[in-house]
Structure formats: structure tokens, C-alpha cells
Amino acid sequence: MKTYLDEYKRKLITAEQAAKLVKSNSIIEYGMFATKPVDFDAALAKRAGTDLQNVAIRATGSVLPIPEVIKNDPEQKTFQYFSWYFTALDRKAGDFGLSTHNPFNYHEATMLAYDPNFSRLWADVWVAQVTPMDKHGCFNFGIANSHSRGLALNAKIAIVEVNENLPRCLGGNDEYIHISEVDYIIEGSNSPIFTLPPAPEPSPAERRIAELIVEEIPDGACLQLGIGALPNLIGTMIAESDLKNLGIQSEMFCDAFVKMYEAGKITNSKKAYDINKSTYSFCLGTQETYEFLDDNPQLASCTVYYTNAPDRIAMHDNFISVNNILEVDLLSQVCSETFGLRQISGTGGQLDFVIGAFHSKNGKSFLAFTSTYKDKEGKIHSRIKPLLTPGAVVTVPRSVVHYLVTEYGKANLKGLSIWGRAEALINLAHPDFRDDLIKAAKEMKLWSRTNRIPF
């Protein structure tokens, strides 16, 4: 069998040599989430303020360590940093004008990476952390499949940064890149892979929301859980429930899925496809979760189109989707990604799963949120508002919203009139804000005798 070692040695370069390949007016695509390059980033950052100019760097959800290209170039004389999905790190950088958001629906990422109609977006240099090469000459994308292969194949230069700490995540599809498809190899410093901090203790309101959702989940359901403490709490409750024969198709593999596996809740036996396997596209979690993913044949790492395309989601019966939102107005427009003009996260796959779950036979999409939040001064505000905060982005249009859930109940908005929606939302609001919302609904002419008929 061919060993590929000679080819490996020919393509092996240092991070500094790789950084010198970057030219002015280039687009650089970093790996996504926890697979963004570390050594290459540090080497490239050293070129800030030199003759290198107008270099765009794109990432998908930046995590620690802070990108050196941001730290070393605060005036953006050389680099401009972009992110397809805003994390806490991106958010903080964005507050200082050092990161800009690229909005998109997540399932379309694979299309943008492969389709020649979008070749204007393709990178000059793609670089990401990968696992060590296997005996077949393949580098695994680890915990960030997503649309990595398409980005790599259509970049002018493809560079891998090898990290021995990255879990090897089996496919699925498109979970690897072959050495013949790689231009250069960096043997990285094997820095620790980013892990999420322990989830905070859930509040009574979050616990009530989780209870309201878990009681809607039938045996044999196929699940998607989003990012955050609430989805993980729901997963923990499922692990402690009597539910059985559950399946997973989720863009993100979250920590709670490990608990569900250990409790014997996940069999994937009732899925329409990928029988006996949990399907996912990326992971952000604890070290324990990464170890669970490593070389685990019960799981399938796939492109985000495969996991998130609404028509594919809808093929599974009893699909249950759970995601967080930031605010909703009395028109039932949902914002999940901005506080006014401040970018907090991104659309991600939320809209994909809201649509896909609704079109699943007996499927349900839940958008969950605590009814109130506190500002920096400790003042309490309602997340249900007459109108969205000025500048807020509509993540889920009102015509698409299915179930909304707060600690005060849940409401199925499908088919309701504008009055019916306003009434349902007011009933989900904190009691202290309901009178003001009723007053606003009347002023907005949503709340009148005529439009209360027939529902």
C-alpha cells in the first residue's frame, strides 16, 4: 500500500512559510469554530503593518484563542476580519469594529462553497486545523465538517494545520481531505482544542420551559438541539425521562447528547435514513464530548447541507427542533441574532430547522425564551415587545413560526390571525408586562372586537 510519506514531506512547510504565501487583496478562509488555525494565524499576524494590504479573513464562529490577526492589527491596516456566525468572541471584536458579520442560512453554506455561481466568494487561501494523516492519506476535519471540504477544494491554495488533539470524526460525508488535494502541510504546535465552559445552573424559568418542551417529545422522535444552556438542559431531562428510541439529526452535536447515549435513549432506529447513526455537522463541547466523538462509528459527520436542508429534515417523522431566541414582537416576528443593531450571533441553522421540523410528519419546532431579561443596571425588560427593537433583524418570519415557549406556557402560532398571535404572545409574557402589551396591541389595531372573530 502507498504510504504517502514522500508526498507529505514534499508538502511540509512551516507556519511562517505558509504565511508568506498570502498576498495583498486576498481572501483567507480560516477553519470554522474550534478548527481555526493557531500557528498559521500567529505567523500571518506578524505581517500586520508591512507591505501586505487589504487581506480579508473569514471564519465561522471564532473561539479562543483570540485570533492574532485581530490583536496585532487593531487599526485594520492589513487585515479585515469577518465571521459567518458570531460567537461571544466575534461579538466583542464587533463592538470595537474589528469583526463584521456575513449573514446566511446555514444549509446554504455548502452550496456557496461548491457552486461555481458563487466563485467570487471562494478563497485565495484556505487553512484549518485537521487530524494527523491516516494510512490512506486522508486528513479528517474533526469537529468542524460543515462546508470545509468545499471551501478547501475551491481555494487557490489549501493548507492543513495538523493537530494531534483534534478528535477524528467518522463520516457521513465530506469529513476529510486527501493529501493529493492539499497544497501544503503545517505540523502545528498541538495546542489544546477549545472546549465550552460548564453550563450555568439553570434558572427556575429555564427548567419550566424545558419541562414544557420535553412533554411534547414522543418516543422515536428525531431531535435537533441548538446552542446554549437550555437545549443542554432539555437533553439532560430527556436522559432522565422514560423516552426511548430517539434519533439525532442536528447541525451541532451538543454535550447533552452524550448523556442521552449513556442513558440508552438514542438508538436512531426510527429515522428515515442514517439508521442507527446520529447525524451532525460540527461540535462545540467539553473534552468528554470530544472523546465520545473520536472514532465513534455510532455517529456520522456530514456537510451542513446534508444535516440542515429543510427538505432533508422533513423526511424524518416526529422531528423535534429546539432553539433559543432573543425577542419577539406582537406581530410574531422573531429575532434571534441581534440586540438592535448589535450582532449577537447569526441566523445559523435556526430557520432551516423551523421550516424542516414543521414539514416533518407530526414534527414540531420550538423557539424558546425566558419571558424577561435584566440589563446592565438590573432593570427587567420583556422579551415580548410591541415591535422589535429598532435595528433588530428578523431571523424567523411570522409566517414560519410554529411553537413559542416561555416559562408561562407554549403557543402554536400556525394559522392564527394577527389578533390570535398577539393574544397568544401576551399570554406567554411576564404578568407585569401584559397590561402594557394589551394597550400596545389596541394602539396597533391588533386588538379589537372585529379582528377577534373567528379566532
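Is Glu-211 buried, exposed or partly exposed, and what is its relative accessible area? Glu-211 is partly exposed, at a relative accessible area of 35%. That answer comes from a predicted model, as does everything else in this report.

**Salt bridges**

Let us stay with Glu-211 for a moment. Its side chain forms a salt bridge with Arg-208, and the closest N and O atoms are 3.4 Å apart. Both residues sit in helix 8 (residues 204-214), and because they are 3 residues apart there, about one helical turn separates them. Arg-208 is also partly exposed, with a relative accessible area of 35%. As general background, side chains of opposite charge can pair when their charged atoms come close.

The salt bridges in this model number 16. Three of them are set out here, with the distance from N to O.

| Acidic residue | Basic residue | N to O distance |
|---|---|---|
| Glu-181 | Arg-149 | 2.7 Å |
| Glu-211 | Arg-208 | 3.4 Å |
| Glu-215 | Lys-410 | 2.6 Å |

The salt bridge between Glu-181 and Arg-149 has an N to O distance of 2.7 Å. This pair links distant parts of the chain, with Glu-181 in the loop between strand 9 and strand 10 (184-187) and Arg-149 in helix 7 (residues 148-153), 32 residues apart. Glu-181 is partly exposed, since its relative accessible area is 27%. Arg-149 has a relative accessible area of 10%, so it counts as buried, the cut-off being under 20%. Glu-181 also offers a sense of scale: its C-alpha atom is separated by 41 Å from that of Leu-341, which lies 160 residues away along the chain.

The side chains of Glu-215 and Lys-410 meet in another salt bridge, at 2.6 Å from N to O. Here too, distant parts of the chain are linked: Glu-215 belongs to the loop between helix 8 and strand 11 (222-225), Lys-410 belongs to strand 25 (residues 409-412), and their positions lie 195 residues apart in the numbering. Salt bridges with shared partners join Glu-215 and Lys-410 with Glu-216 and Lys-364 in one network. Glu-215 has a relative accessible area of 55% and therefore counts as exposed. Lys-410, at 25%, counts as partly exposed.

**A negative patch**

On the surface, a patch of negative charge gathers Glu-262, Glu-288, Glu-291 and Asp-294. Among them, Glu-262 is found in helix 10 (residues 255-262). With a relative accessible area of 58%, Glu-262 is exposed, because the cut-off for that class is over 50%.

**The interior**

Turning inward, the largest nonpolar core holds 78 residues, and Phe-139 and Phe-253 are the ones with the most contacts inside it. Helix 9 (residues 229-239) provides the largest share of this core, 6 residues.

Why is helix 14 (residues 350-359) described as largely enclosed by the rest of the structure? The reason is that 7 of its 10 residues are buried. The buried residues of helix 14 are Gln-350, Leu-351, Asp-352, Phe-353, Val-354, Gly-356 and Ala-357.

**Backbone features in the loops**

Some loops are worth a look for their backbone geometry. The peptide bond from Leu-64 to Pro-65 is cis, its omega being near 0 degrees. Pro-65 lies in the loop that runs between strand 3 (55-60) and helix 4 (68-71).

A cis peptide bond also joins Gly-171 to Gly-172, again with omega near 0 degrees. Gly-172 is part of the loop between strand 8 (157-162) and strand 9 (176-178). Asp-174 is found in the loop between strand 8 and strand 9 too. Asp-174 has a phi near 55 degrees, a positive value in a residue other than glycine. It is partly exposed, with a relative accessible area of 21%.

Where does Asp-295 lie? It is in the loop between helix 11 (287-293) and strand 14 (299-301). Asp-295 is not a glycine, yet it has a positive phi of about 55 degrees. Its relative accessibility is 38%, so Asp-295 counts as partly exposed.

Terms used. Residues are numbered from 1 along each chain as its sequence is written. This is a predicted model: local features need pLDDT of at least 70, side-chain atom pairs count only at pLDDT 80 or more; totals for chains, interfaces and linings use all residues. Side-chain values use heavy atoms; hydrogens and water are left out. Patches are made of residues with over 30% relative accessible area and no salt bridge: like charges are joined within 9 Å, nonpolar side chains (Val, Leu, Ile, Met, Phe, Trp, Tyr) within 5 Å. Accessible areas come from the Shrake-Rupley method with a 1.4 Å probe; for residues, only the protein chains shown count as cover. A salt bridge is a side-chain nitrogen of Lys or Arg within 4 Å of a carboxyl oxygen of Asp or Glu. Lys and Arg count as positive and Asp and Glu as negative; His and the chain ends are not counted. The place of a charge is taken as NZ of Lys, CZ of Arg, CG of Asp or CD of Glu. Helices (H or I, at least four residues) and strands (E, at least two) are DSSP runs, numbered from the N terminus. Buried means under 20% relative accessible area, exposed over 50%, partly exposed in between (1.4 Å probe, protein chains only). A nonpolar core is a set of buried Ala, Val, Leu, Ile, Met, Phe, Trp, Tyr and Cys residues joined through side-chain atoms within 4.5 Å.
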